[in-house]
Amino acid sequence: MFSNERYNLIFDYLKNNRKATVDELAGFLYVSSATIRRDLKEMQKLGLIVRSHGGALLRETANEVSIFVRREKNAREKELAAQKAMPYVAGFQSVFIDNSSTCLILAEKLNLENRTVITNGLQIAMRLTQKQNVNLIMPGGVVHYNTNSVTGGLTCNTLRNLRVDLALVSAAAVDEDGTYEHSLETAQIKQLMFRQAKRSMLVVDGTKFGMPGSYRTASLADYDTIVTDAPDAVIAKYRDKGIAIVN
């Protein structure tokens, strides 16, 4: 079992129990206490947990798993979804790119030279500074270490004054009623950028279909384009409802 897989299992355990001892986690994952201590040390660096005497507590602000963990989780599926989206990302001079790990992969692949890119994702902004001639705009706001993003009133106030040709977003969860996020702040930014964009594209890996989410961002019909790596069997019921999905 890779360490990033353990991070997800530890995080899920703490979400359900709020706290755990090293011995509890070692027994739960069938690994040594030394391994758990190393994992907890790294997870604390990522901002996921708070170390306690003999164990760990879930951070009160840890609504979402760190982008560093999310980038590795379902990496193959996210890579496929991003690759499938490439032919449909065209005809724009300005784009909003959300802070999702899927859009991070896509942003790395796109030719954004001489285009304006707006993002609230710190990792995406850092990657795009390495590209030539990209007009990069990042709003101010409250910095969240877990998601490597900025959110809040200051962020929304800045974004309200901007218009884009394309909003390029992913989602934490998808069902027949729409797309969802795990945090209210993230959902609010995406809802705002739908209104500020001429068209919107959802790029989501197939593992997100049928997953639970707390904060609804939009109905599937609100997206101009939906791209996924999910097989026909997964998205058939969505197509039966008239939702166009590219896979």
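**Close-up 1. Surroundings of phenylalanine 209 in the predicted model****.** In this predicted model, phenylalanine 209 touches Val174, Val204, Thr228, Ala230, Val234, Ile235, Tyr238 and Ile245, where residues up to four places away in sequence are not counted. Phe209 is also, together with Leu202, one of the residues with the most contacts inside the largest nonpolar core, which has 27 residues.

**Close-up 2. The largest nonpolar core and a second, separate one****.** Two or more residues of the largest core come from each of helix H8 (153–159), strand E9, helix H9 (184–196), strand E12 and helix H10 (232–240), and among these elements H9 gives the most, with four residues. A second core, separate from this one, has 23 residues, including Val95, Leu106, Leu128 and Val134. In soluble globular proteins, nonpolar side chains tend to be buried together.

**Close-up 3. The open sheet of six strands****.** The strands follow the order E6-E5-E4-E9-E12-E14 and their pairing is parallel. At the edges are strand E6 (135–137) and strand E14 (225–228), each of which pairs on one side only. On average, and with direction ignored, neighbouring strands of this sheet are turned by 20° against each other. Helix H5 (residues 75–85) packs on the sheet, where the helix touches E12 and E14, and the direction of H5 makes about 145° with that of E12.

**Close-up 4. Strand E9 and its two partners, E4 and E12****.** Strand E9 (residues 164–169) is mostly covered, since six of its six residues are buried. With strand E4 (residues 94–97), E9 pairs in the parallel sense over three bridges, and here leucine 168 of E9 is the bridge partner of isoleucine 97. With strand E12 (residues 197–204), E9 again pairs in the parallel sense, over five bridges; valine 164 stands opposite alanine 197 in E12, and alanine 167 has serine 200 of E12 as its bridge partner.

**Close-up 5. The packing of helix H2 on helix H3****.** Helix H2 (residues 22–29) and helix H3 (residues 33–45) pack with their axes 9 Å apart and at an angle of about 110°, which lies within the range of 65 to 115 degrees, and the two helices are therefore roughly perpendicular to each other. On the H2 side the contact is made by Val22, Asp23, Leu25, Ala26 and Leu29, which meet Ser33, Ile36, Arg37 and Leu40 in H3. By character, the residues of this contact divide into six nonpolar, one polar and two charged.

How values were computed: Residues numbered from 1 in each chain as written. Predicted model: local features only at pLDDT ≥ 70, side-chain atom pairs only at ≥ 80, totals over all residues. Heavy atoms only, no water. Axes fitted to C-alpha atoms, helices over the stretch in contact; angles between N-to-C directions. Parallel < 35°, antiparallel > 145°, perpendicular 65-115°, else oblique. Contact = heavy atoms within 4.5 Å. Nonpolar A, V, L, I, M, F, W, Y, C, P; charged D, E, K, R; others polar. Buried < 20%, exposed > 50% of the residue type's maximum accessible area, 1.4 Å probe, protein only. Pairing = 2+ DSSP bridges. Core = buried A, V, L, I, M, F, W, Y, C linked by side-chain atoms within 4.5 Å.
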